[in-house]
Amino acid sequence: MPTPFDLKNSVLEQGLNALKRNNFLEAEAFFAQVISIDENDATAWAKLGLTWLKMGRFNEAANALTMANTLNPSADILHDLGLAQIQSGNEKAGFTTLEQSYRLKPEESIARLLGDAYYGLKDYQKSAYYYLKTYQTNKKDEQLQSNLSIALYRNGDIDQALGILVPLVIKRPTNKQYIHNLTDFYRRFPQHVFNTEAKKAIEICLKQDKLKFLNLRSAWSSLLLLDPDLEKLREFAKFSGEDKDRTVFLKDISKTLGSFYLCSGLIHSMASGIALENILTNLRKYFLMNWEEYENWTDDVLKFLAALAVQCWFNDFVYYITEPEKEKLAALKNELEKSLAAAEHKLPDAKAKLLALYCCFDPLYSIYQSDEKLPFSKSVLYILKPLVLHQLTNPRTEAALIPTIKSFTEIEDATSKEVQKMYEQRPYPRWTSANEEILSLEQRALGKGIEILVAGCGTGQEAAFYANMVPEAHITAVDLSRTSLAYAMRQADELGYLSRIDFLHGDLMQVGKLDKKFDFITSSGVLHHLKNPDKGLEAIRACLKPGGRMSLSLYSKPARDFVLNPASEYIREKGYTSSLDDIRQFRRDLFTMTMDNPIMRCTTAADFFNLAECNDLLFHVQEHRYTLKEFKEFGSSHNLEPFHLFLTPEKIKAFREMFPDKDLLDFDALAGFEEKFPNAFVEMYKVYFRPEGETSPHPLDPLIFMGAI
């Protein structure tokens, strides 16, 4: 006769078999029968919980598994209990339970599950931890590597993120998402040691059509200074064009001059840092001072000079020119003008080297006004194509666009007129391309029917950014500079965004004359250049729909005071103005100073290495600066409350380490953080506002909170 123990085991076996067959109703009955025989049978409770979990009865499953875990804790029971808790809506408890399961039984599947879970919750510290645990035993899963790199980056561990993503980009050089992520990661991040893989990955990026190449400037520039293959080039460039005692000769560096990494970087990105600028200015000077020897120069020299000319165009010819160079440049210009005037058909290809050299100092349109193609062979014109595009074709296109720009007001305020004059003279900032984001259908739908106002759009980079990230939205972009607007329109047309952006000329303080309300308004680096920023905010605030959102970016007083005041004081002492010669001379002065001089702090800003941007940085005709408390009060005076603040991942990490229990919107804590790191907001504060008391969700909130806009 079977004992109760035998009966219980028999019924339990039948339940297990039913569960294997996915016959959940039978399994449920068998396990319940076991429990009626022995209510302390942990296995029966665990399997009943698993059965209910598979049936979708998550609350009951959690209760049964909790009982099983009380009777006999195990990693498997905790795993199922964690899933049941998550499915029943108790995510926090569920993840905690899964972590307990992992500690008892560190399986790859649980680590991956936890990595994915915390990734979805935007807890990137825990996500990165569990992804790394998974990666240690699974180095072939590309999606895992991609997610891990993003989690590491968003947790502020940028060097580790790059260590994961760089090999992935090299392995999949056609994957646009990997490439876009890499350019985002590299923003503001220089290489401190030479890395062959990093160079390969950047070269892959430089081969793209649509990419925010400017994000690569720090990494590209630093690798140029570290690359052992470029040692001879750096040695050659230590000497100016007037020096004769060279240990390295032009023939030793010709192929290096024509290298893809160097030339493509000069065309697409921006050189950053005094050391690299010294190299480029010395090379330029060498070729100018020895231009009569041009027939002996190789085709690689032409590639380099054509690329350097594009670089000089985008930095607004900021490089210093000595008096001997000016004399040589005048002679070179005379030679070129005679050659171009006498050219009936084609000029010798060697003459193209002289033309490219001249265009490293002055734009092509200053010496060539013909509508005909330049008189060189097809092979040479191919090399000159980027130069011709930027220094001739694009300026002509922009000039033709200026009369077509619609105005909603003229500029009447005296201060605004001065600002307008400044930006008409030097469009700011010059940019070439932007990332073409890969968006999900859900992300695309977020902007459906949304009206966005870019209040002070400049050359259109921000307007293009929103057209990219919120493709279903309609954008109105206004600015006081027609020159900047023409640049913006041309760029938007090339990127395919022009049909979704209305570019309008007018006074920001009279934007109400548009007679239109907007769901989202962004004003980045504009209000602090008005004579009365309060009136500017009042004007754009009146255009915000009820429940709308606003992104405002203003200068940080602590950051600007720390980074720029020593240089500004030096400028006042010297009596320098915003003229081309004075800005060049001011910058040249700094090149003789040691890096521990407080004046040199301004050179840590990327803007220092571009004429228009340096002008904006240190020579602006009108500027206001704010503390965080003043910024908050500025919004509050117009019934706006902050609900989010943008910080880069590495700064969020530093803030969390300093204030682990504080929210990012704790302005007292932020002030303490800024006191310790005075240059933390050197690029501006960026705060998102909504009407005071507004609690309803906004379509663009998900993009705001994920740092996408």
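**Pocket, sheet and loops**

Mentor: In this predicted model, the second largest pocket holds about 910 Å³ of space. The residues closest to its centre are Ile267, His268, Pro386, Leu389 and His390, out of 31 that line it. Residues are numbered from 1 along each chain as its sequence is written, and side-chain values use heavy atoms, without hydrogens and water. The model being predicted, local features need pLDDT of at least 70 and side-chain atom pairs count only at pLDDT 80 or more, while totals for chains, interfaces and linings use all residues.

Trainee: What makes a space a pocket, and how is its volume obtained?

Mentor: On a 1 Å grid over the protein atoms alone, a pocket is an open set of points with protein on both sides within 12 Å along at least five of seven lines, and its lining residues have an atom within 4 Å of a point. Points are joined across faces, edges and corners, and the volume is the space filled by probe spheres set on them, which for the second largest pocket comes to about 910 Å³.

Trainee: Which helix gives the most to the lining of the second largest pocket?

Mentor: Helices (H or I, at least four residues) and strands (E, at least two) are DSSP runs numbered from the N terminus. H21 (378-401) gives the most, with seven residues, while H16 (260-268), H18 (299-314) and H25 (482-495) each supply at least two.

Trainee: What makes eight strands an open sheet with mixed pairing, and which of them are the edge strands?

Mentor: Two strands pair if DSSP finds at least two bridges between them, and here the order is S1-S4-S3-S2-S5-S6-S8-S7. The edge strands are S1 (406-407) and S7 (640-645), each of which pairs on one side only.

Trainee: How do you know that S3 and S4 pair?

Mentor: Five bridges join S3 (474-479) to S4 (501-505), set against the required at least two, so they pair, and they run parallel. One of the partners of S3 residues in S4 is Phe503, which bridges to Ala477. H25 packs on the sheet, touching S1, S3 and S4, and its direction makes about 165° with that of S4.

Trainee: Why is S5 called largely enclosed?

Mentor: Buried means under 20% relative accessible area, exposed over 50%, and partly exposed in between, with a 1.4 Å probe and protein chains only. Six of the seven residues of S5 (518-524) are buried, so the strand is largely enclosed by the rest of the structure. S5 is joined by three bridges to S2 (451-455), running parallel, and by six bridges to S6, also running parallel. In these pairings, Ile452 has Phe520 of S5 as its bridge partner, and Ser524 has Ser553 of S6.

Trainee: How do you know whether Ala32 and Lys122 are buried, partly exposed or exposed?

Mentor: Ala32, which lies in helix H2 (24-37), has a relative accessible area of 39%, so it counts as partly exposed. Lys122, at 45% relative accessibility, is therefore partly exposed as well.

Trainee: What is said of the phi angle of Lys122 and of Asn22?

Mentor: Lys122, in the loop between H7 (108-120) and H8 (124-137), has a positive phi of about 65° although it is not a glycine. Asn22, in the loop between H1 (4-20) and H2, has a positive phi of about 60° and is not a glycine either.

Trainee: How many helices does the whole protein have, and what share of its residues is buried?

Mentor: The protein comes to 33 helices and eight strands, and buried residues make up 54% of its 709 residues.

Terms used:
1 Å grid on protein atoms, 1.4 Å probe; cavity = no way out; pocket = protein on both sides within 12 Å on 5 of 7 lines; lining within 4 Å. Contact = heavy atoms within 4.5 Å. Axes fitted to C-alpha atoms, helices over the stretch in contact; angles between N-to-C directions.
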